[in-house]
Amino acid sequence: MDGLRQLAMAPLQLLQDLFALRWYPVWRRNVRVWRKLAGPALIGNIGEPLLYLFALGYGLGQLVGEVGGLDYITFLASGFICASAMNTASFEGTYSAFTRMTVQETWNSMLYTPLSVNDILFGEVFWGATKSLLSATMIIIVASLMGAVHGWAALWALPVALLTGACFTAMALVVTAVSRSYDFFLYYFTLLLTPMLLFSGVFFPLDGMPGSLQQASAMLPLTHAIAVVRPLVTGQPLGTLADVSLHIAVLLGYGLAALSIASVLIGRYLHR
Amino acid sequence: MSTAVVVAKGLTKRYGGQRVVDGIELEVRQGECFGLLGPNGAGKTTTLRMLLGMTLPDGGELEVLGHGVPQQARPMRRQLGVVPQQDSLDPDFTVSENLRTYASYFGLSGRVLEQRIDELLAFANLEHKSGARIDALSGGMKRRLTLARALINDPALVVLDEPTTGLDPQARQVIWQRLRSLLNEGRTLIMTTHYMEEAQRLCDRLAIMDHGRILDVGSPAELIARHIEPHVIEVHGEGLDAWYGQQGRALAVRSERVGETLFCYARDERRLVDSLCEQPQLQFMSRPADLEDVFLKLTGRDLRE
C-alpha cells in the first residue's frame, strides 16, 4: 500500500526535479566518461548498422524486392534507426547503469552531495537518450549515403529517436532496479527486447501478420517510434496530427510510467 | 561554545523486524572528533547512514547541522563531507578529474574551483598524481583522494566510515595527521573505526555501540576510568592456576581468564608484579588499561561474524 502511494506521488516529484536541472552534472559526468572511450564506441555505432544495412539490405533486398512501395533497404534503414535507439538505450540503462549503481558505487557517492535519486535517474535517462541520438544520427548518415533516405524531413526523426532513447533507458532502469546481477538482464533482452525488435515492423511490415499479433504489436513502444520515423525518413505520408500525437504520447507514457517505477524502486535500494 | 552539530533522539532502524539501531540518543559537539566504536553488526554503519540521510529511520528525531534529516537532507549535504568505507572513485577519470566531477555535483566550477583542487591535491600529497589514473594509485593514495574529494565543498562536518582500514602504518599516520589538521581548522569529524589506538589518538569523545544500542559515551580517558582499573597484567605459562589460587586472586581487584591467558586488573600493580617476578615459569606483561579493555568488557569477547 505504501508502495502504491509512493508510486502515485512519483510523477509529480519527477516533474519538479526535471525542471530543477540538477540532473545536468550527472549527464555531464557520463558524457565525460564516454568522450574518453569515444573511439571504439563510435566505430561500433557506425560499423554495426553499416554491416546490417549492407548484409540485410542488399542481400535480403535482392530476394524481397519492394516492401510497401519502398526499396527493402529504405524500409529497413528507417526501422533500424529506431531499433538502434532502443538497443543503445537498453544497454546503457542496464549493464552500464547497473555498474554505476553497484560495482562502482557512482550513484552512492552522488547521494553524498546535494543530488537526489531523481536527479541521478534523469541524468541517466538523458544520457541514454543522447547516446541513442548519436546512433540514430550515424545510421541516418550511413543510410543517406546508401540512398535510403528521402529528403531533409528525415532530420525530424532525430527528436523522435531522442524520445525513444529516453523511453527505453527509463524502462531499462526498472530492470536494473529489480536486478541483483548482470545475468538477470538476459531475461529482459531475450524475453522482451528481442520479440519487440522482431514484431515492431523493423524487418518486415506487420500488415501480413495475424490480427492478434498486430494488436499485440500495437502495444509495443518500438512500433510507435517506427510509425513516426519511417514516413519521415522514406517520404511516405505521415498521417494526421492526431495519429502522430498518439504515437508520441505512447512513448512519453511508457517513459514516464517506467521512470516513476524506477524512482520508487531505485530510491528504496539506495536509501535502504 | 559547544553547539551541537548532531542531535539524535530515539533514533531507530528496523530491518525485517530486527532493531538494528534501537532508539539511540546521540549528541556531537561542534569542532570535536566523535568516534563510533562497536563490533561488526553493532549498528555503526546504519547509524552513520542515517546521519547522512542515506538510510531512512523508522523512528526518532535527527538533526544534523541544524537541518532535520532526512527531510532537509539536501541543504544539510551542502555542508557535509563523506569518506565512505569503499572509496567509490570514478575509475574512468584521472585524479583531478575525479575532484572536478565531484565538485560539479555541488554546482562548483571555474577558477575558484581549480584553485581549491590544487589546494586539496597538496593537502592529500597528490600534486604529482594530478593526471594519474585511479588504478595507478596505491591504497593510501586512493584513501587520501577520497578524503580530498570529501573536502571539495569546504564542509563543516566530515563523516568517515573506517578511514584507515586496510592501510599500512605509514599511510595511516598520514591520514591521522590530515584528520588532525581538519580538526585544527575547526571542522567536526565523526568516524567509525575498529582500531582502538586510532580512536584513542584522534577522538575527543566516543560512543561504544552494540546490538543497536549505545553502551557508553565519553572521552577515552573517562571511559577507561569508568570501566577498567588503571593497570592490566596479562599472564600465561605453566603453573598459572596454582599461582592464581595462591597469590593472584588476592592481589588482583578483578581477573578474567581468556583461553591460556589470565587478565589481572589492579589499581596498584606493584605487588602483582613482585609476586610474578618470583615465578620464572610464568610470562607476563604489565601495561596501563586502554580502550580495547573497555571495548571488550562492554561488548564481550565473543566472535562476531
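Which residue in β7(B) stands opposite B:V82? In this predicted model, the residue facing B:V82 is B:V159. The strands involved are β6(B) and β7(B), the latter covering residues 157-161, and four bridges pair them in the parallel sense.

This pair belongs to an open sheet of six strands in chain B, and a walk across the sheet meets them in the order β6-β7-β8-β3-β9-β10, with mixed pairing. At the edges lie β6 (80-83) and β10 (213-218) of chain B, each of which pairs on one side only. From one strand to the next, the twist averages 15 degrees. Helix α8 of chain B, residues 220-227, packs on this sheet and touches β9 (205-210) and β10 of chain B. The direction of α8 makes about 110 degrees with that of β10(B).

Chain B also holds an open sheet of four strands, ordered β2-β1-β4-β5, where the pairing is antiparallel. Here β2 (18-29) and β5 (67-68) of chain B are the edge strands, each pairing on one side only. Within this sheet, β1 (residues 4-15) and β4 (residues 59-64) of chain B run antiparallel and are joined by five bridges. For a concrete example, B:K9 has B:E61 in β4(B) as its bridge partner. Helix α1 of chain B, residues 44-51, lies across β1, β2 and β4 of chain B and runs at about 60 degrees to β2(B).

Finally, the two chains meet: 20 residues of chain A are in contact with 18 residues of chain B. On the chain A side, α2 (24-36) and α5 (106-111) each supply at least two residues, and α2(A) gives the most, with six. By class, that side of chain A has seven nonpolar, seven polar and six charged residues.

Conventions: Residues are numbered from 1 along each chain as its sequence is written. Chains are lettered from A and ligands numbered from 1 in the order in which they are written. This is a predicted model: local features need pLDDT of at least 70, side-chain atom pairs count only at pLDDT 80 or more; totals for chains, interfaces and linings use all residues. Two residues are in contact if their C-beta atoms, placed from the backbone, lie within 7 Å. Ala, Val, Leu, Ile, Met, Phe, Trp, Tyr, Cys and Pro count as nonpolar, Asp, Glu, Lys and Arg as charged, and the others, Gly among them, as polar. Two strands pair if DSSP finds at least two bridges between them. Axes are lines fitted to C-alpha atoms, for helices over the stretch in contact, and angles run from 0 to 180 degrees between N-to-C directions.
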